[in-house]
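Please work through the exercises below with the sequence and the structure open beside you. Each one sets a task and is followed by a solution that goes step by step.

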Amino acid sequence: MDDPLHISALLVLGLTLKLAGFAVRDELLLRGLVSAGIFCDLLFYLLRSDQVLLSVGANAALVTVNLTLIALILLERTTWRMSAEDRAVFRHFPTLTPGQFRKLMRIHRRDSVAAGVPLTREGAPVDDLMLVLAERITITKDGDSFAIAGPTFVGELALLTRQPSSAYVHLPEGGTVLRFPAPAMRELMRASPSLGNAVVALFGDEMARKLADSVPMSRAALRRGEREARTDDPNATRALAGAADVVGQVRHR
């Protein structure tokens with residue numbers, strides 16, 4: 001027995017939706033269109049005069065898989081089901097997607113740090129990447145101390161280069177610190193290149209912001225140049241001139 005035209009049209013509609021889905025680049029839209037197309041196939045096999053229950057079951061399974069993937073994509077792209085506290089922290093990770101941020105939060109721990117307790121020591125290994133949720137952070141480098149505004153990251157350069165800390169860092173009034181163990185961070189970045197790229201982009205922006213307030217660091221560079229000049233190093237004059245030039249550029253910003 002021939003099926004009514006409107007039931008046969010479900011196959012055509014389903015094929016059209018699936019073709020449209022495969023033509024788009026966005027995964028969420030692709031999954032949505034393909035799911036709608038498969039659902040049309042399901043209705044066709046269910047509503048026709050001689051039901052094909054095996055095809056109904058197979059298409060129902062495909063729709064379920066696609067809807068599950070759609071839910072995962074939405075979780076990756078939105079802050080849905082993220083606590084208010086996590087949303088506040090997420091603002092400090094602008095280059096990461098919500099899904100990438102959730103992966104980082106699985107490995108973090110939150111500490112309360114007393115005033116004066118060092119976060120890093122100059123020349124010592126750095127075990128954690130730290131997001132410091134404090135208004136003021138004091139950095140001491142080559143004998144020069146200066147304050148930068150928080151919240152900010154500490155230990156990002158050591159994380160990327162695997163080198164010891166280049167400065168002594170502490171919180172003059174204490175504060176909250178979110179710690180992300182460096183080995184676990186590197187493993188996440190290795191396993192997910194897109195996450196790794198997002199983290200590197202984040203730290204690039206962070207270091208650029210710190211450099212904008214780096215007059216004391218430039219003075220430290222000048223002091224190092226003066227020390228080198230006293231050693232009669234033939235390259236010391238060029239080093240001193242370069243450091244002085246940096247100080248001049250920063251002062252005229």
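The mean pLDDT of this protein, which is a predicted model, is 84, and 82% of its residues reach 70 or more.

**Exercise 1. Determine where in the protein confidence is highest and where it is lowest, and decide how to read the low part.**

Step 1. Comparing the elements by mean pLDDT puts strand 8 at the top, with 97, and helix 10 (residues 236-251) at the bottom, with 42.

Step 2. Looking along the chain, one finds that pLDDT stays under 50 over residues 220-253, a stretch for which the model has 29 contacts beyond four places in sequence.

Step 3. Where pLDDT is low, the predicted coordinates should not be read in detail.

**Exercise 2. Describe the protein as a whole: its secondary structure, its buried share, its contacts and its exposed area.**

Step 1. The secondary structure comes to 10 helices and eight strands.

Step 2. Of the 253 residues in the protein, 35% are buried.

Step 3. Taking the contacts between residues at least 6 apart in sequence, one finds that 68% of them join residues at least 24 apart.

Step 4. The protein exposes about 14400 Å², of which carbon and sulfur atoms supply 60%.

**Exercise 3. Find which residue R77 pairs with in a salt bridge, and explain what the pair ties together.**

Step 1. A search of the whole structure finds 11 salt bridges, and one of them joins R77 to D26, with the closest N and O atoms 3.1 Å apart.

Step 2. Because R77 lies in helix 3 (residues 53-77) while D26 lies in the loop between helix 1 (5-23) and helix 2, the pair ties together parts that are 51 residues apart in sequence.

Step 3. For burial, R77 has 40% relative accessibility and counts as partly exposed, and D26, at 32%, counts as partly exposed too.

**Exercise 4. Trace the salt bridge between D128 and R109, and name the network to which these residues belong.**

Step 1. The side chains of D128 and R109 meet at 3.2 Å, N to O.

Step 2. This pair links distant parts of the chain, since D128 is in strand 3 (residues 128-133) and R109 is in strand 1 (residues 109-113), 19 residues apart.

Step 3. Buried means under 20% relative accessible area; D128, with 10%, is therefore buried, whereas R109, at 38%, counts as partly exposed.

Step 4. Widening the view, one finds R109, D111, D128 and R179 linked in a network of salt bridges.

**Exercise 5. Locate both partners of the salt bridge between E173 and R136.**

Step 1. The side chains of E173 and R136 meet at 2.5 Å, N to O.

Step 2. E173 lies in the loop between strand 7 (168-170) and strand 8 (175-181), and R136 lies in strand 4 (residues 136-141), so the pair ties together parts that are 37 residues apart in sequence.

Step 3. R136 counts as partly exposed, at 36% relative accessibility.

**Exercise 6. Work out how strand 4 and strand 5 are joined, and which side chains of strand 5 are buried.**

Step 1. Strand 4 and strand 5 run antiparallel and are joined by six bridges, among them one in which K141 has D144 of strand 5 as its partner.

Step 2. The two strands form a hairpin with two residues between them, and D142 in the turn has a positive phi of about 55°.

Step 3. The side chains alternate along strand 5 (residues 144-149): D144, F146 and I148 point to one face and are buried, while S145, A147 and A149 point to the other and are not.

Step 4. Taking F146 from the buried face, one finds a relative accessibility of 8%; its C-alpha atom is separated by 9.9 Å from that of V169, which is 23 residues away along the chain.

**Exercise 7. Examine two surface sites, the nonpolar patch that includes L46 and the loop that holds P94.**

Step 1. L46, L47 and L53 make a nonpolar surface patch of about 270 Å².

Step 2. Within this patch, L46 is found in helix 2 (residues 27-47) and is partly exposed, with a relative accessible area of 31%.

Step 3. P94 is found in the loop between helix 4 (84-90) and helix 5 (98-105), and at 62% relative accessibility P94 counts as exposed.

Step 4. Although P94 and A201 are 107 residues apart along the chain, their C-alpha atoms are separated by 9.5 Å.

Terms used. Residues are numbered from 1 along each chain as its sequence is written. This is a predicted model: local features need pLDDT of at least 70, side-chain atom pairs count only at pLDDT 80 or more; totals for chains, interfaces and linings use all residues. Side-chain values use heavy atoms; hydrogens and water are left out. Patches are made of residues with over 30% relative accessible area and no salt bridge: like charges are joined within 9 Å, nonpolar side chains (Val, Leu, Ile, Met, Phe, Trp, Tyr) within 5 Å. Accessible areas come from the Shrake-Rupley method with a 1.4 Å probe; for residues, only the protein chains shown count as cover. A salt bridge is a side-chain nitrogen of Lys or Arg within 4 Å of a carboxyl oxygen of Asp or Glu. Helices (H or I, at least four residues) and strands (E, at least two) are DSSP runs, numbered from the N terminus. Buried means under 20% relative accessible area, exposed over 50%, partly exposed in between (1.4 Å probe, protein chains only). Two strands pair if DSSP finds at least two bridges between them. pLDDT is the predictor's confidence in each residue, from 0 to 100. Contact means heavy atoms within 4.5 Å.
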